[in-house]
Amino acid sequence: MSFPKQSLPLELAIVVPTFNEKANIDELVNRLGRVLQGIEWEVVFVDDDSPDGTAEHIKQLSLVHPRVRCIHRIQRRGLSSACVEGMLSSSAPYLAVMDADLQHDETRLPVMLKALQQMGCELVVGTRYMEGGGVGEWDESRQLSSRFATWLSQRVLRVTLKDPMSGFFMLRREAFMSAVHNLSSMGFKILLDIVVSSPRKLSFTEIPYTFGLRHAGESKLDARVAWDYLLMLADKTLGRYLPTSLISFGAVGSLGVIVHVLVLSLALKLLAWPFTQSQTAAVVLAMVFNFHLNNFLTYRDKQLHGWMWWWGLVKFMAACGVGALANVGVASWAHSGGGGWLWSGLAGILVGLMWNYSATAIFVWPQRRKT
Ligand code: GDD
Ligand code: MN
């Protein structure tokens with residue numbers, strides 16, 4: 001079959017994840033038009049049903065601007081998964097990812113494309129951490145956390161990129177496709193995800209750029225992004241054996257132990273309560289803490305609010321109450337069978353954890369139907 005040729009073949013797709021970025025869209029598309037003259041390009045915005053109407057705005061723009069496309073996702077959240085869907089939707093041989101807020105220097109795009117076309121590498125990364133690049137006007141704490149996250153990925157996942165946290169990069173479609181089936185698609189760090197999910201080491205070039213100031217709107221980077229990042233590291237190392245939601249549930253549980261010990265010691269020492277009351281208060285508060293944090297982090301896509309939060313808490317406590325009985329039962333049985341106290345205790349914890357995880361996954365945060 002042959003189709004009439006409409007225009008030159010598409011070369012480059014720029015994938016832009018958006019959440020509440022309405023005020024940045026026009027300026028970004030204008031700038032892309034300016035710097036990408038002579039290149040056949042399209043921009044694919046992937047919007048997670050932003051309350052500010054970003055998706056509607058993009059669709060209006062695409063009526064008059066044929067290079068603009070919009071993927072509108074419902075009941076979904078996540079920068080990485082948005083980028084993956086945007087890249088999958090395009091047939092362009094070169095794929096770029098950048099933020100909508102103009103913090104990434106769009107004038108680097110033609111240089112990045114040239115590097116892929118002429119130098120034969122598979123990936124070009126916009127890097128802040130090399131001569132000629134920089135983080136711009138970041139406060140001390142953001143600089144420190146970015147450096148720490150970079151160091152961690154270099155240590156844990158052995159990546160050799162100078163700026164694996166970068167959200168600004170371009171790669172060949174085949175390179176992306178070779179990694180796509182292994183991606184975690186969690187959180188913000190899509191570049192790192194692609195690099196470590198690729199079955200072979202991707203050849204890369206790094207190009208310096210300075211992280212600019214946000215044009216309009218607010219950053220979405222928060223504590224959950226940090227948690228997602230740690231989970232992604234866990235997924236890339238332990239994920240073959242354990243589901244990430246179990247890793248997250250277990251990590252929250254370990255934090256709960258700290259809360260328990262803190263409350264217990266405060267009640268005993270500061271309030272001079274009797275032991276049984278102090279321990280009871282510690283159990284209840286640790287349960288509320290665990291429930292809240294799992295609702296906020298592990299099951300944020302099924303997060304309970306308002307009355308459902310309270311009903312969820314009741315079910316969570318009931319489920320974990322049974323888990324505690326199972327824990328004590330198994331530990332006592334192991335101990336009476338001659339097991340040492342530590343191993344018996346740990347066996348009880350393991351059974352309790354598995355019960356709590358499974359029961360709450362079914363009764364407190366059940367699977368929703370996907371659209
Ligand atoms: N579709 C979708 N869904 N888009 C999202 C979501 C989401 O849940 N969360 C954020 N985005 C979009 C934002 O609208 C923006 O276009 C882009 O992802 C980056 O979000 P920011 O909130 O601006 O993040 P940042 O500037 O703090 O961090 C960026 O730069 C870092 C350094 O390069 C991100 O690119 C990080 O991944 C990167 O490490
Ligand atoms: Mn930003």
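**Exercise 1. Is alanine 272 buried or exposed, and what is its relative accessible area?**

Solution. The model is predicted, and the values below are computed from it.
Step 1: locate the residue. Alanine 272 sits in the loop that links helix 9 (244-270) to helix 10.
Step 2: apply the cut-off. Exposed means over 50% relative accessible area. Alanine 272 has 59%, so it counts as exposed.
Step 3: add a distance. From the C-alpha atom of alanine 272 to that of methionine 287 the separation is 22 Å, with the two positions 15 residues apart along the chain.

**Exercise 2. Classify serine 278 by accessibility and list its contacts outside the local sequence.**

Solution. Step 1: serine 278 belongs to helix 10, which covers residues 275-298.
Step 2: buried means under 20% relative accessible area. The value for serine 278 is 0%, and therefore it counts as buried.
Step 3: with neighbours within four places in sequence left aside, serine 278 is in contact with Leu264, Ala267, Leu268 and Trp273.

**Exercise 3. Describe the overall dimensions and content of the protein chain.**

Solution. Step 1: secondary structure. The chain has twelve helices and seven strands.
Step 2: extent. Along the principal axes, its C-alpha atoms fill a box of roughly 80 × 50 × 40 Å.
Step 3: burial. The chain has 371 residues, and 44% of them count as buried.
Step 4: surface. About 19600 Å² is exposed, of which carbon and sulfur atoms supply 62%.
Step 5: contact range. Among contacts with a separation of 6 or more, 75% join residues 24 or more positions apart.

**Exercise 4. Which elements build the largest nonpolar core, and what does phenylalanine 45 touch?**

Solution. Step 1: the largest nonpolar core has 35 residues. Those with the most contacts inside it are Leu12, Ile14, Leu32, Val43, Phe45 and Leu109.
Step 2: at least two residues each come from strand 1 (12-18), helix 1 (22-35), strand 2 (41-47), helix 2 (54-64), strand 4 (94-97) and helix 4 (109-118). Helix 4 gives the largest share, five residues.
Step 3: beyond residues up to four places away in sequence, phenylalanine 45 touches Val16, Thr18, Ile25, Leu28, Val29, Ile58, Val68, Arg69, Cys70 and Ile71.
Step 4: a second, separate core has 27 residues, including Val46, Leu79, Val125 and Leu161.

**Exercise 5. Which residues of helix 7 are buried, and what covers them?**

Solution. Step 1: helix 7 spans residues 190-197, and six of its eight residues are buried.
Step 2: the buried residues are Ile190, Leu191, Leu192, Asp193, Ile194 and Ser197.
Step 3: the cover includes helix 3, strand 5 (123-127), helix 5 (140-156), strand 6 (169-172), helix 6 (173-179) and helix 8 (223-238).

**Exercise 6. Characterise the surroundings of ligand 1.**

Solution. Step 1: 28 residues surround ligand 1, and the closest are Glu21, Arg77, Met165, Lys189 and Lys220.
Step 2: strand 1 and helix 3 (79-89) each supply at least two residues of this shell.
Step 3: list pairs that involve an oxygen atom of ligand 1. For methionine 165, a backbone N or O atom lies 2.5 Å away from such an oxygen. For glycine 167, a backbone N or O atom lies at 3.4 Å from an oxygen of the ligand. For lysine 189, a polar side-chain atom is 2.7 Å from a ligand oxygen atom.
Step 4: on its own, ligand 1 has 740 Å² of accessible area, and the protein covers 99% of this.

**Exercise 7. Which residues coordinate the manganese ion (ligand 2)?**

Solution. Step 1: the donors are Asp101 (OD) and Gln103 (OE1), at 2.0 Å.
Step 2: aspartate 101 and glutamine 103 are both buried.

**Exercise 8. Where are glutamine 75 and arginine 158 placed, and what is notable about phi in each?**

Solution. Step 1: state the expectation. Most residues other than glycine have a negative phi.
Step 2: glutamine 75 has a positive phi near 55°. Its place is the loop between strand 3 (68-72) and helix 3. With a relative accessible area of 55%, glutamine 75 is exposed.
Step 3: arginine 158 also has a positive phi, about 55°. Arginine 158 is found in the loop between helix 5 and strand 6. Its relative accessibility is 68%, so arginine 158 counts as exposed.

How values were computed: Residues numbered from 1 in each chain as written. Chains lettered and ligands numbered in written order. Predicted model: local features only at pLDDT ≥ 70, side-chain atom pairs only at ≥ 80, totals over all residues. Heavy atoms only, no water. Donors = N, O, S within 2.8 Å, 3.2 Å for Na, K, Ca; no water. Buried < 20%, exposed > 50% of the residue type's maximum accessible area, 1.4 Å probe, protein only. Core = buried A, V, L, I, M, F, W, Y, C linked by side-chain atoms within 4.5 Å. Helix = DSSP H or I, 4+ residues; strand = E, 2+ residues; numbered from the N terminus. Contact = heavy atoms within 4.5 Å. Near = heavy atom within 4 Å. Polar contact = N/O pair within 3.5 Å; in protein donor to acceptor, adjacent residues only side chain to side chain. Areas by Shrake-Rupley, 256 points an atom, 1.4 Å probe, with all protein chains shown as cover.
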